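Biologist: Could you take me through this structure step by step, with the reasoning spelled out for someone in a first year of study?

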Amino acid sequence: MGSSRAYAVFRTTDADEAYARALRFVALLAEAEDEVDVEAEVRTVEEARRIARLLPGAAVDRVEAVRDPATGEYLALDLATADDDEIRAGLPLRLSAEVPAATVGPGFVRALGDGPAGIDRHGRWPDDPGTGDRGFGKYDGVQLVLYGDRARIDGRAPHHTVFLHLDKWAGPARARRLAAGAGCEVLGEVQIGW
């Protein structure tokens with residue numbers, strides 16, 4: 001058990017620029033998974049419907065969990081069958097899905113809207129024989145957080161942030177070397193990642 005260490009390496013208010021920079025880092029991975037994890041927070045019925053179409057079969061969770069008073073079980077919400085009033089009562093919602101990486105492009109990123117969202121591409125950073133640093137597939141990867149500055153989505157920011165995720169044994173020096181590979185630098189303190 002454990003979590004990756006997430007290093008912010010790029011911030012901008014331009015979603016296309018953030019997406020392009022994230023792709024530059026994905027190209028540096030020695031291995032990249034064929035799927036990406038997408039998570040989006042929605043605050044309106046219209047956003048919920050649009051993102052549900054973008055992420056068919058997405059898991060839907062209330063940002064603030066609600067329990068059935070009779071059973072104590074968490075109340076689920078099925079966007080395919082819920083009417084607008086049911087969705088409105090459940091807002092804000094968090095939708096998450098795993099989708100083929102090939103389907104995620106600039107248009108996909110723009111379609112996520114203006115709520116906080118994350119696109120996570122897991123992989124493995126190349127081994128560095130000069131330092132002895134090795135890639136670790138469980139923790140390594142690239143994350144694009146739209147309208148956020150935290151690796152764990154917990155609020156909205158006016159900008160987008162690209163994070164590099166590394167295993168807990170890789171230190172800030174490795175993060176700086178990887179960031180420099182795409183013309184970036186580590187911004188701020190390390191965060192708990194995925």
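Biologist: How many bridges join strand E4 to E5, and which residue stands opposite Asp61?

Modeller: In this predicted model, strand E4, which covers residues 59-62, runs antiparallel to E5, and the two are joined by four bridges. Within this pairing, the residue in E5 that stands opposite Asp61 is Arg94.

Biologist: Which residue in E5 stands opposite Glu39?

Modeller: Strand E5, residues 93-100, also pairs with E3 in the antiparallel sense, over eight bridges. E3 spans residues 35-42, and the residue in E5 that stands opposite Glu39 is Ser96.

Biologist: Is Glu41, which forms a salt bridge with Arg43, buried or exposed?

Modeller: The closest N and O atoms of Glu41 and Arg43 are 2.5 Å apart. Arg43 is exposed, with a relative accessible area of 51%, a value that is over the 50% cut-off. Glu41 has a relative accessibility of 5%, and because buried means under 20%, Glu41 counts as buried.

Biologist: How many residues apart in sequence are the parts that Arg110 and Asp16 tie together?

Modeller: Arg110 and Asp16 form a salt bridge in which the closest N and O atoms are 2.5 Å apart. Arg110 lies in helix H4 and Asp16 in helix H1, so the parts that this pair ties together are separated in sequence by 94 residues.

Biologist: Where is Asp34, one of the residues in the patch of negative charge?

Modeller: Asp34 gathers with Glu33, Glu35 and Glu98 in this patch on the surface, and Asp34 is exposed, at 62% relative accessible area. Its place is in the loop between strand E2 and strand E3.

Terms used:
Residues are numbered from 1 along each chain as its sequence is written. This is a predicted model: local features need pLDDT of at least 70, side-chain atom pairs count only at pLDDT 80 or more; totals for chains, interfaces and linings use all residues. Side-chain values use heavy atoms; hydrogens and water are left out. Patches are made of residues with over 30% relative accessible area and no salt bridge: like charges are joined within 9 Å, nonpolar side chains (Val, Leu, Ile, Met, Phe, Trp, Tyr) within 5 Å. Accessible areas come from the Shrake-Rupley method with a 1.4 Å probe; for residues, only the protein chains shown count as cover. A salt bridge is a side-chain nitrogen of Lys or Arg within 4 Å of a carboxyl oxygen of Asp or Glu. Lys and Arg count as positive and Asp and Glu as negative; His and the chain ends are not counted. The place of a charge is taken as NZ of Lys, CZ of Arg, CG of Asp or CD of Glu. Buried means under 20% relative accessible area, exposed over 50%, partly exposed in between (1.4 Å probe, protein chains only). Two strands pair if DSSP finds at least two bridges between them.
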